[in-house]
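Hi there,

I am passing a structure on to you, and I hope you enjoy looking through it. Please open it first, and then read on.

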Amino acid sequence: MRIGVVTFPGSLDDRDAQRAVRLAGATPVALWHGSHDLEGVEAIILPGGFSYGDYLRAGAIASLSPIMTEVVDAANKGVPVLGICNGFQMLAEARLIPGAHTRNAHQQFIRRDQRLRVENAATDWTNGFEQGQEITIPLKNADGRFIADDETIKRIEGQGQVAFRYVGVNPNGSFDDIAGVSNERGNVVGLMPHPEHATEPGFGPDTPAAMSSGVDGLTFFTSVIAASLKIEAPVK
Amino acid sequence: MTTETELTQAPGTHVPDTVANAAATPDREQPYAALGLKEDEYLSIREILGRRPTSGELAMYSVMWSEHCSYKSSKMYLRQFGEKVSPTMKKNLMVGMGENAGVVDVGGGWAVTFKGESHNHPSYIEPFQGAATGVGGIVRDIISMGARPVAVMDQLRFGDIDADDTRRVVDGVVSGISFYANCLGLPNIGGETVFDKVYQGNPLVNVLSVGVLRHEDLHLANAKGAGNKVVLFGARTGGDGIGGASILASDTFSAGGPTKRPSVQVGDPFAEKVLIECCLELFRDELVEGIQDLGAAGISCATSELASNGDGGMFIELDKVLLRDPTLTAEEILMSESQERMMAVVHPSKLDAFLAVVDKWDVETSVLGEVTDTGRLVINWHGEEIVNVEPRTVAVDGPVYERPVAYPTWIDELQADTARGLPGPRPATSSGRSSSRCSAHRTSPTRAGSPTSTTRMSSATRPCRSPTTAA
């Protein structure tokens, strides 16, 4: 399976996402924001970082990059898209998922290994988890507070679009402890924590078993490989 | 990028001093003292050139011969770091003193490059931007070696923790370092902080950047090969850090236009992140002969250093520099310390490919001139020659001073005043437990608290210092 990782000016975790794809057993394809070519990939990752320096609003300028036209089309056709951190912000700016992001409630940057509960194990990026499973994924953000109006919160809670919820600590003041959401179809998922940083023993979060041994993030990428088996043909 | 002509300076707004003019008017008074040059230094510039310097040359010499750029008072001490390195110590050293950053072989074909630099005074004046641009400068040094920066560290000294002004400096410096490095994706992997009243009004802000590279990717910045193009790319040149040049401009020319400009530069980490990727791609595709970062002394430094390290000659058309502020004078452009700029030496056959990569990253570029074999650094402004110097005299052969030094006698008492002098619960006989590096200098393993338990050291044995006073 070929999974595209889009690099925007200011992307930081694009190479980490490519590595995670490789570790999961798929082939990473480096995509460039300025191109209109998805190169026939079967899934797309919008990685973390500071696209356009977070100027204007985090993710706002990148959501208008040339390749986003194709990403939005592909997402609407059912191609799996994962937005991580800055990528999550782009998905919100591109209206592929509901809600928006603001500065963390405490106004500070935060980095921690974050406990999450999988609230929907039926999306293309979470089908390898058990419903309600608790996982640990590194988190690092300053503009990570997920917000939405009451009606939207009610709707996404009711439709199972809340994919992940913070457990123990709400690190940024996100409404309803929401850490990640999906679109209605479940092919587009965005979350603030970084699953690509928990895919390789020795470089992940600490676990009770050993230091830096957490690889809970790998399941995001193996999930999409499993989901792809149900897709009949790659886009374009 | 095509609007170059509108955005570079309109000709006629400022007429700089030309080389011909300097030769014709040897007696013109020049504001060398206001630029920080001593009379003998000014006279030696006149001797080197065989005439008075133009205002542009004076700008270059004054900034390149400043303590900040030339280390003229500390060079004789710093030099010893190179002289006292033994072959054993050099075993894994791939690049030592004199280049943008040191490089150490770590095996397996990999190397690590380090650059540490202080940004003390700017960080006191404007803590956030001072510290942030300190990070920016060392990261560009790492890039210019062909390495990918991977981490930063800091070593900080602030004034008394209870003093009124300390909070302003601490909060600004810490946020400035973390903001800039984080935006580049560089974790801060360690550091140390000390508060002491001796740093009141003079904090020390040292930041280190670490880069990783393959041996074969190592590059050194020099301007070799006559005919190769000299290209400036990155952020536009503005009025940052040119307090001194405005003296020149207002002294020599009629008033009008802003002369008071910020002396601390403002950083744009996004522009730097894009530069990192752009430079690494230029190196990967072998499109550059060398890349030099622009920091203190800006274009004055980059052109004279590149030329000194290469074949010795360079021709620059200064009016090709892309400006953020079109009212800048030639002297100001030479001295500007605008951040996130790089200078590359490019073979003419690779210029189109170079420009394509730079364009891909939306980085602005202008070809300023080329490497020559004349041995002279010549800079023109709208067709007129305003600088014609031997680059080494600017960048390398500046004055070096042996300042009078005196041993600070108070320091003996301070060094002797260690925790060992305090009565404590430690058993009196267990001298082996005091594992200080100083233990070898102790006269005898006498009881803690005894007046003879510390030795007054002569300056010859000075390297052993009490950890409580090491700074």
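Below is what I found, going from chain A as a whole to two places in chain B.

Please keep in mind that this is a predicted model.

**Chain A as a whole**

Chain A contains five helices and eleven strands. Its C-alpha trace spans about 45 × 40 × 35 Å along the principal axes. How does the radius of gyration of chain A agree with that of a compact globule? For 236 residues such a globule would be near 18 Å, and chain A has 16 Å, which agrees.

Burial and contacts add to that picture. Of the 236 residues in chain A, 59% count as buried. If you take the contacts of chain A with a separation of 6 or more, 72% of them come from residues 24 or more positions apart.

On the outside, chain A exposes about 9,500 Å², and 50% of this is supplied by carbon and sulfur atoms. As for charge, chain A has 20 positive and 28 negative charges, and their mean positions are 1 Å apart.

**A loop residue in chain B**

Next, have a look at Val264(B), which lies in the loop between α10 (243–252) and α11 (269–284) of chain B. Is Val264(B) buried or exposed? Its relative accessible area is 9%, and buried means under 20%, so Val264(B) is buried.

Which residues does Val264(B) touch, leaving aside those up to four places away in sequence? They are Pro122(B), Ile125(B), Glu126(B), Gln129(B) and Gly130(B). Another residue to find on your screen is Ala132(B): it is 132 residues from Val264(B) along the chain, yet their C-alpha atoms are separated by 11 Å.

**A strand in chain B**

The other place to visit is strand β7 of chain B, residues 229–234. Five of its six residues are buried, so β7(B) is largely enclosed by the rest of the structure.

Which strands does β7(B) pair with? One of them is β10(B), residues 341–346, which pairs with β7(B) in the antiparallel sense over six bridges. Within this pairing, Val230(B) stands opposite Val345(B). Another is β11(B), residues 365–372, which is joined to β7(B) by five bridges and also runs antiparallel to it. There, Leu232(B) has Ser366(B) as its bridge partner.

While you have the strand in view, a general point may help: in a regular strand, side chains alternate between the two faces of the sheet.

Happy exploring, and do write back with any questions.

Best wishes

Note on methods: Residues numbered from 1 in each chain as written. Chains lettered and ligands numbered in written order. Predicted model: local features only at pLDDT ≥ 70, side-chain atom pairs only at ≥ 80, totals over all residues. Heavy atoms only, no water. Helix = DSSP H or I, 4+ residues; strand = E, 2+ residues; numbered from the N terminus. Rg over C-alpha atoms; globule rule 2.2 N^0.38 Å. Buried < 20%, exposed > 50% of the residue type's maximum accessible area, 1.4 Å probe, protein only. Contact = heavy atoms within 4.5 Å. Areas by Shrake-Rupley, 256 points an atom, 1.4 Å probe, with all protein chains shown as cover. Lys, Arg positive; Asp, Glu negative; His and termini not counted. Charge placed at Lys NZ, Arg CZ, Asp CG, Glu CD. Pairing = 2+ DSSP bridges.
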